[in-house]
Structure formats: C-alpha cells, structure tokens
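This briefing is intended for a reader at the bench who has the sequence and the coordinates at hand. Please consult the structure below while reading the points that follow.

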Amino acid sequence: MFKTIKRIINWCGEFKGKLYIGFVFSFFSTWFAALPIMVAAYTVGMLIEEARGGAAFDRKWIGYSFVSIVVLVFLRFLFDYMRAKYQETISYELVTRDRLAIGEALKRVSLGYFGQVNTGNILNSITTGLHTLENMGMRMIDTFIGGYLNFLVIFLCLLYISPKASLIAVAGAGISFLFLLLVSKHSISYAPVASKAGRDLTAATLEYARGLPVVKSFGQGGASMAAMSGACRDSRDICLKIEWGYTPANCMHLLALKAASIALAGCACYLGLAGELSLPMMLMFAFFSFGIFAGLEPISDSAHVLGVMDQLEALKASNYIDQEGRDIPLKRYDIRFSHVDFGYDERTVLKDVSFHIQEKTSTAIVGPSGSGKTTICSLIARFYDVNRGEIRIGGHDLREFTCDSLLKNISMVFQNVYLFHDTVRNNICFGRPDATEADMIEAAKKACCHEFIMALPEGYDTVIGEGGSSLSGGEKQRISIARAILKDAPIVILDEATASIDPENEHLIQNAISSLTRGKTIITIAHRIATIENADQILVVDEGRIVQKGTHQELIKEEGRYRRFVETRERAEGWKIAGR
C-alpha cells in the first residue's frame with residue numbers, strides 16, 4: 001500500500017506541489033464537515049442541561065450556532081472545491097501526458113515489438129488502464145493520506161480531552177490498518193492476473209470485431225464467439241475471486257472502526273455520568289465519535305492502481321529502436337546493404353544480403369512470395385534492425401539516425417494501404433501537413449484520384465471510414481500514391497504500388513510515378529514486367545538471398561530465376577479466353 005502511494009506521488013512529477021496543497025485543503029474540508037455536527041450537539045446539550053435545571057441557556061447562542069453552522073458548511077464546500085481544483089485536475093494532466101508519451105514511445109520501437117505485445121494489451125493500458133488511474137489515482141492518495149492525517153489531529157484532541165478515549169481510537173485504527181494490509185496483500189497478489197484478464201478481454205473483442213466479415217462469409221458465428229466468451233468468463237471469474245478474497249478482510253476493517261466508534265460513544269457517556277465531562281461536551285463527543293473514522297473507512301485495496309502503473313511502466317520501458325540515434329541531414333541518397341542477416345524471432349528471412357543502390361537510380365526487387373522482398377524495404381525504413389551486417393544511406397549507418405530524421409527522407413506506398421479515419425484532405429497531406437491546396441490537388445491529379453474525390457459527398461473534406469473501408473481497393477491505392485507524391489521525399493519505396501489499380505488507369509499511374517520519381521532513389525517491388533524492365537538495376541531474391549543482379553536485358557540472357565520469372569509472367573499476362 002505504501003509502495004503504491006509512493007509510486008503515485010512520484011508519478012505526479014512536476015505537479016507534486018499542487019498535490020501537497022490539495023492535501024491541506026482536504027484536511028480543512030474534513031474538519032469543516034465535522035464541526036457543524038459538533039456545534040449542533042454542543043448547543044443541544046446546553047438546552048438539555050438548562051431543562052434539567054442546570055445553567056441558564058443564552059438564547060443568543062442559537063443565532064451564533066446557526067451562523068457558525070452556515071459559515072462552516074460554506075467553508076467545507078469552499079475547501080472541497082479548492083481541493084478538487086488543485087488535485088483532481090492533476091490526474092487529467094498526467095494521463096494526457098502519459099498517453100502522448102506512450103504514443104511517442106510506440107512510434108520509436110521496432111515493429112517486432114507489436115508481434116510480441118498483443119494490440120489488446122496496448123489498447124487496454126492506454127484506455128481502460130489510464131482511465132482507472134485518472135479516476136482513482138488522486139482520489140486514492142487523498143483518501144489515504146488525508147484520512148490518516150485527519151485521524152492524527154483527532155487523536156491529539158482526544159488525548160487532551162481524555163487519554164482513555166484516545167487509546168480506544170488508536171486501537172480501532174490499528175486493528176483496521178492490519179486488516180487493510182491483508183486486503184492490500186490479497187489484491188496485489190491478484191493484480192497481474194486481473195490485468196491479464198482485462199487485456200485478454202480487450203484483445204478478444206478486437207479480434208472478434210475485425211474478423212466479422214470472415215465469420216459472416218463462412219457462417220461461423222458461434223465459433224467466432226468462443227474466444228470472446230472465454231475471455232468474458234475469465235474476467236468474471238477473476239473479479240469474483242478477488243471480491244470474495246477482498247470482502248472478509250474489508251468487512252473486518254470496517255467492523256473495527258465501527259466498534260471503536262461505539263466504544264468511544266460509550267466512553268463519552270461514561271465520562272459524562274462520572275462528571276468528568278459536561279452534558280454539552282458529552283453529547284458533542286458522542287455525536288462526533290460516529291464520524292471520527294469517516295476519513296479511514298473509504299481506504300481499501302489499491303491493487304487495480306498498482307496493476308495499471310505496472311502496465312504503464314512496462315510500455316515506457318520498451319527499448320527504442322533509435323535510442324542512440326541523432327538527427328542527420330543527408331547530402332546523398334545511395335543505399336548499401338553489407339552482409340545483412342535478419343529474421344523474425346527464430347525464423348531467418350535474409351541471409352548475407354549485400355547490394356548497392358546508386359542515388360537517383362531505380363532498383364526493382366523481384367522474387368517469389370516469402371523470399372524477403374518486403375523485408376528488405378522494411379529494413380531500409382528501419383522498421384526493424386538487422387541481426388548482422390549493416391545498412392547505410394548516404395554513407396551513414398541506419399542505427400545512427402532517429403526514426404524521424406530517417407523517415408523524412410523516405411516515401412512509401414504499400415500494397416496493403418491503410419488510410420486514417422479522417423478527411424481525404426488530411427490523408428493526402430499526412431506526410432506534408434503544410435501543403436497548399438493547389439499542391440494537394442496537383443498530387444491527386446497525378447495519382448488519378450481527383451475525379452473520384454470530387455464525386456464524393458464533401459469532396460476533399462469527405463471523412464472516409466477507418467482504414468479506408470468506404471473506398472475501393474484501387475481508390476485507396478491512388479490516395480496513398482497521392483500522399484507519396486505530395487511528400488516528395490528523395491527516396492521512394494513502392495511495394496506493389498499498382499496492384500489494386502484497374503488496367504484503364506494503370507498506365508496513367510505509371511506515368512505519374514515516373515514523373516514523380518525522376519531524379520530520386522527508387523526501390524520497387526513488383527511482379528509485372530512492364531513495371532520492372534526499365535529499372536537501372538534488378539535484384540532477384542530467392543529464399544532470403546540475392547541470387548541475381550543486373551538490368552532486364554542482362555538478366556534475360558542468363559539462365560536462372562529471373563528468366564524463368566519473366567517467362568512465367570509472359571505466359572500469365574498473355575492468356576486469352578478460349579475461342580477468341
């Protein structure tokens with residue numbers, strides 16, 4: 001428990017000052033909440049004492065009491081407002097800071113990280129986890145520190161009024177604290193399991209939503225629900241298990257405080273009957289005894305907060321791929337692979353790959369599926385780091401760059417296009433947000449997408465579905481090409497950039513790409529002969545190795561993988577319907 005409190009205070013960082021000021025306001029708010037009851041009880045006591053033939057009651061005291069109670073209630077809400085203003089805003093500031101920090105961190109990790117960490121885990125930490133911390137973090141720390149701080153002051157007051165009563169208060173608080181330690185120990189032991197159940201549920205829900213098109217097409221609705229149903233049951237079971245373990249100790253914690261309150265009320269009556277306290281003081285003491293532990297009762301386990309903080313620290317502790325990188329301005333844009341080995345986990349993909357791409361030339365990469373073509377491009381963009389060897393751009397090892405300083409020199413068009421749930425305008429201008437309207441439209445025209453964009457309901461301001469779901473494959477591809485054209489980077493990587501383009505527009509796109517890529521360093525992955533035959537250099541990849549290099553004219557004369565590839569493509573592209 002103390003460990004969690006310390007971690008939350010450290011998490012506050014530059015906001016610690018506001019946190020401590022909030023504690024002061026919380027302290028006074030609690031006291032101003034209790035004092036009206038004490039004033040009312042004292043006034044009633046004086047009235048009863050007069051009725052019993054005791055000292056005469058000054059009727060002016062009723063007015064004084066009423067005004068005092070009104071002022072104290074006002075001060076209570078004023079200090080509670082000030083506490084909220086100083087403390088509760090901290091969590092919103094911190095959670096926003098951490099969400100942005102995690103976003104920056106995820107941008108700088110290797111893509112291999114996302115193969116090791118489930119997307120559901122990341123989503124659960126950034127949304128549900130941080131939301132829990134946002135709502136509970138400051139409240140928990142204020143309840144814990146404020147509760148015991150108030151109890152300390154109350155204890156000192158009781159010690160002055162009656163040492164016997166102070167011993168009862170200490171005993172009640174001490175016993176309740178022992179049960180709180182049991183609650184915390186139990187909850188902390190289950191925190192990792194509960195966190196995992198939450199992450200699994202998020203991941204299963206995402207998987208279910210993403211797979212619905214396949215599920216419906218195969219009519220396997222029941223099977224698709226199996227993983228999600230299992231995750232829901234696991235989450236339910238672990239929550240019930242935590243609750244059943246938490247409830248007995250928490251009830252004993254509350255029982256100890258309530259028993260101590262009753263004992264204090266009995267002590268007040270005993271002291272009053274013994275003549276050690278006046279009737280007004282006795283009533284005030286008795287009434288107050290039932291609220292004396294109000295600040296301690298809400299203190300319960302902090303495991304959910306501890307689990308969230310563990311998740312966040314794990315995300316922040318991820319190794320940045322550009323940890324040692326720096327901003328490097330490039331003067332030239334040639335690319336050199338030297339004896340590169342690379343694999344995903346235990347699977348080796350590239351083996352001793354070496355080649356050189358001169359700047360302002362075009363290089364085509366061909367080979368069978370799974371041979372490592374896309375991996376080569378991913379390594380150039382430093383989505384991953386090599387296992388052995390080195391890759392240099394402009395004479396600099398890629399490991400010398402920060403991700404941002406490297407990628408500002410590269411435009412990429414992927415075969416599987418992803419568009420953001422945003423306007424067409426923002427998707428095209430993503431790589432160059434400061435582009436003018438004229439530049440954006442020119443890029444769209446070159447990519448042959450201006451006409452269909454203008455036919456959309458809001459033109460360039462039309463919001464497209466997540467991932468571009470409201471557009472066809474070819475339309476998405478053309479928008480991604482427009483995005484690359486607009487960025488105008490010196491290195492362009494095209495991974496099957498025309499795969500989803502219809503034949504009517506393909507030659508236009510090819511012309512647009514040709515004009516775009518003139519004077520740039522081009523790497524193209526393609527299977528169509530027309531796309532690669534004019535390349536300055538062709539790299540033939542097979543089983544993770546470069547098995548041939550050269551121009552189309554050179555390689556077509558050699559017996560080997562490239563010549564067989566061309567012959568196969570010519571037969572495929574030259575087919576025709578029987579009888580025609």
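The points below are grouped by topic.

The model is predicted. It holds 17 salt bridges, and several of them are described here together with a surface patch, an enclosed helix and a histidine contact.

**Salt bridges**

- The count of salt bridges comes to 17.
- Arg-326 and Glu-400 form one of these pairs, with 3.7 Å between the closest N and O atoms. Arg-326 sits in the loop between H10 and S1, and Glu-400 in the loop between strand S5 (396–397) and helix H12 (403–407), so this pair ties together parts that are 74 residues apart in sequence.
- Arg-326 counts as partly exposed, at 46% relative accessibility. Glu-400 also falls in the partly exposed class, with a value of 22%.
- Arg-236 is joined to Asp-237 by a salt bridge whose closest N and O atoms are 3.0 Å apart. The relative accessibility of Arg-236 is 46%, which makes this residue partly exposed, and Asp-237 is partly exposed at 38%.
- Arg-564 meets Glu-559 in a salt bridge of 3.9 Å, taken from N to O. Arg-564 is partly exposed at 41% relative accessibility, whereas Glu-559 is exposed at 59%.
- A network of salt bridges links Asp-341, Asp-352 and Arg-388.

**The loop between H10 and S1**

- Pro-329 is located in the loop between helix H10 (303–316) and strand S1 (335–344). Arg-326 belongs to this loop as well.
- The relative accessible area of Pro-329 is 69%, so this proline is exposed.
- Pro-329 and Phe-401 are separated by 72 residues in sequence, yet their C-alpha atoms are 9.5 Å apart in space.

**Helix H11**

- Helix H11 covers residues 373–380; seven of its eight residues are buried, and the helix is therefore largely enclosed by the rest of the structure.
- The buried residues of H11 are Lys-373, Thr-375, Ile-376, Cys-377, Ser-378, Leu-379 and Ile-380.
- Arg-382, just after H11, adopts a positive phi of about 55°.

**His-450 and its surroundings**

- His-450 is part of helix H15, which spans residues 450–454.
- Is His-450 buried or exposed? Its relative accessibility is 18%, and the limit for a buried residue is under 20%, so His-450 counts as buried.
- The side chains of His-450 and Tyr-460 make a polar contact of 2.7 Å.
- When neighbours within four places in sequence are left aside, His-450 is in contact with Ile-441, Ala-444, Lys-445 and Tyr-460. Tyr-460 thus appears both in this set and as the partner in the polar contact.

**Nonpolar surface patch**

- Which residues form a nonpolar patch on the surface? The patch consists of Phe-66, Val-67, Val-70 and Val-71.
- Together, these four residues have about 370 Å² of accessible area.
- Val-67, one of the patch residues, lies in helix H3, which runs over residues 60–107.

Methods: Residues are numbered from 1 along each chain as its sequence is written. This is a predicted model: local features need pLDDT of at least 70, side-chain atom pairs count only at pLDDT 80 or more; totals for chains, interfaces and linings use all residues. Side-chain values use heavy atoms; hydrogens and water are left out. Patches are made of residues with over 30% relative accessible area and no salt bridge: like charges are joined within 9 Å, nonpolar side chains (Val, Leu, Ile, Met, Phe, Trp, Tyr) within 5 Å. Accessible areas come from the Shrake-Rupley method with a 1.4 Å probe; for residues, only the protein chains shown count as cover. A salt bridge is a side-chain nitrogen of Lys or Arg within 4 Å of a carboxyl oxygen of Asp or Glu. Helices (H or I, at least four residues) and strands (E, at least two) are DSSP runs, numbered from the N terminus. Buried means under 20% relative accessible area, exposed over 50%, partly exposed in between (1.4 Å probe, protein chains only). A polar contact is a pair of N or O atoms within 3.5 Å; within protein, one must be able to donate a hydrogen and the other to accept it, and residues adjacent in sequence count only if both atoms are side-chain atoms. Contact means heavy atoms within 4.5 Å.
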